[in-house]
Amino acid sequence: MKNPKVLWVNPSFLDYRIPLYKELNNLYDGNFYLVYSKQRIPQRCIDKIEKTLGDNAIGLPREKQIKLGGRGDFANTGVSVPFPRGLYKLIKSVNSDVIIAEGFFQFTPWALWYSFIRRKPLIIAYERTAHTERHCPWWRKAYRKLVNKFVSGYIVNGVLTKEYLISQGVNPNKIFTGGMCADSTQLALNSSTYGKKERENLKKKLYIGNSGLIYIFVGQLIERKGVNYLLEAWREHSKRYPDDIMLIIGDGPLREAYIEKYGTDRSVIFAGAIDYSEIYKYYAISDAFVMPTLEDNWSLVVPEAMACGLPVACSIYNGCYPELVQEGRNGTLFDPLKEDTILNSLSLFHDVDLQSYGQESIKIEQEFSPKQTALNVYKAVSETIDK
């Protein structure tokens, strides 16, 4: 059977999505298309996607958005209403056999309308979990249940997202897992080939010795990431393990406050924002990765760190943990709101074989590579069409 023409409507994405779209275009023999917003993504991503997909990458030049509600870091603190003039015309121009839309809102109503008018299957790529949606207002849930009546299938990150959709009345037979991946291939290669001398030089630059373990956090310095809970627990951890180092990579509105409160501790190093092309160097000098988030659908830095061979200590509020973090094999879980669980997780890495844990991280992450994820999406589309 000839491959269908597939259109993915995704207004906003970053570098990590591009390898997936490349793999999908290969699987569909050049019949994979993408409609996105040129206003929402950085120019580097526009350049990359145009190079990767050529004319199959169709960017909406301009759009208007009205933002309503709060400005918090957490989900459901506000809503952004799009007015993407010309979007339906772009969607229609592809004349796709199957359409995939990102989430329930933003560009999805236009994708749904195309699906309804042309009688084509609509698949929604969805990421949320019961935890991230714990404050979801009734009207959003009602809207999603209405949209669900027209949806042929769902592609989701993992089991927590699947469980949430089922709780909202979605037929489990319509849900396919394995839809998320990190752009980790090159990152892993760079990390593994980063030489011993270069690593020692970087550690000297950061004033890091060779006595203790190096823990690394990578992410935005915002309330939602839970870094303050990690650093409070670190004060106790460093009393027991005074040679250990906590390396904080990232920037954000709370950076200065964190530096003022914790920067006098020589075991805590704030390295600032590091360009993505250089981040592998910091993974390469570290012994364990820590993600203390209070709310995340699927933290991509977790599989990135795993691809670089790092054991992981992960928050139970991170939607990726059931698939990526396996206690006793490659990492440990903790509740960032309970300091004793953070301390137990940090201490664990002094009592396990770090190299073995790191190798297991690599094995687990390979199941979520762009190539494998593309195969998961391909299977989901095929089975949805055949129903």
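Student: What makes Val227, Leu230, Leu231, Ala233, Trp234, His237 and Ser238 of α9 count as buried?

Tutor: In this predicted model, each of these seven names in α9, from Val227 to Ser238, is listed as buried, and that word is kept for residues under 20% relative accessible area. What covers the buried residues of α9 includes the strands β10 (214-218), β11 (245-249), β12 (268-272) and β13 (288-291), together with the helices α10 (255-262) and α14 (339-348).

Student: How do you know whether the reach of α9 is close to or far from what is expected?

Tutor: Helix α9, residues 227-240, has 14 residues, and at 1.5 Å a residue the expected span is 20 Å; from its first C-alpha to its last the helix reaches 20 Å, which is close to that value. There is nevertheless a kink of about 30° in α9, and Trp234 is at its centre.

Student: Why are β3 and β9 said to stand at the edges of the sheet?

Tutor: The open sheet has seven strands in the order β3-β2-β1-β6-β7-β8-β9, with parallel pairing. Because β3 (57-60) and β9 (175-176) each have a single partner strand, one side of each is left without a neighbour in the sheet.

Student: What makes β8 and β9 a pair?

Tutor: Pairing asks for at least two bridges, and two bridges join β8, residues 153-156, to β9, the two strands running parallel; Ile155, for instance, has Phe176 in β9 as its bridge partner.

Student: Which strands does helix α6 lie across?

Tutor: Helix α6, residues 159-167, lies across β7 (122-126), β8 and β9, and runs at about 145° to β8.

Notes:
Residues are numbered from 1 along each chain as its sequence is written. This is a predicted model: local features need pLDDT of at least 70, side-chain atom pairs count only at pLDDT 80 or more; totals for chains, interfaces and linings use all residues. Side-chain values use heavy atoms; hydrogens and water are left out. Helices (H or I, at least four residues) and strands (E, at least two) are DSSP runs, numbered from the N terminus. The expected span of a helix is 1.5 Å times one less than its number of residues. The bend at a residue is the angle between axes fitted to the seven residues ending there and the seven starting there. Buried means under 20% relative accessible area, exposed over 50%, partly exposed in between (1.4 Å probe, protein chains only). Contact means heavy atoms within 4.5 Å. Axes are lines fitted to C-alpha atoms, for helices over the stretch in contact, and angles run from 0 to 180 degrees between N-to-C directions.
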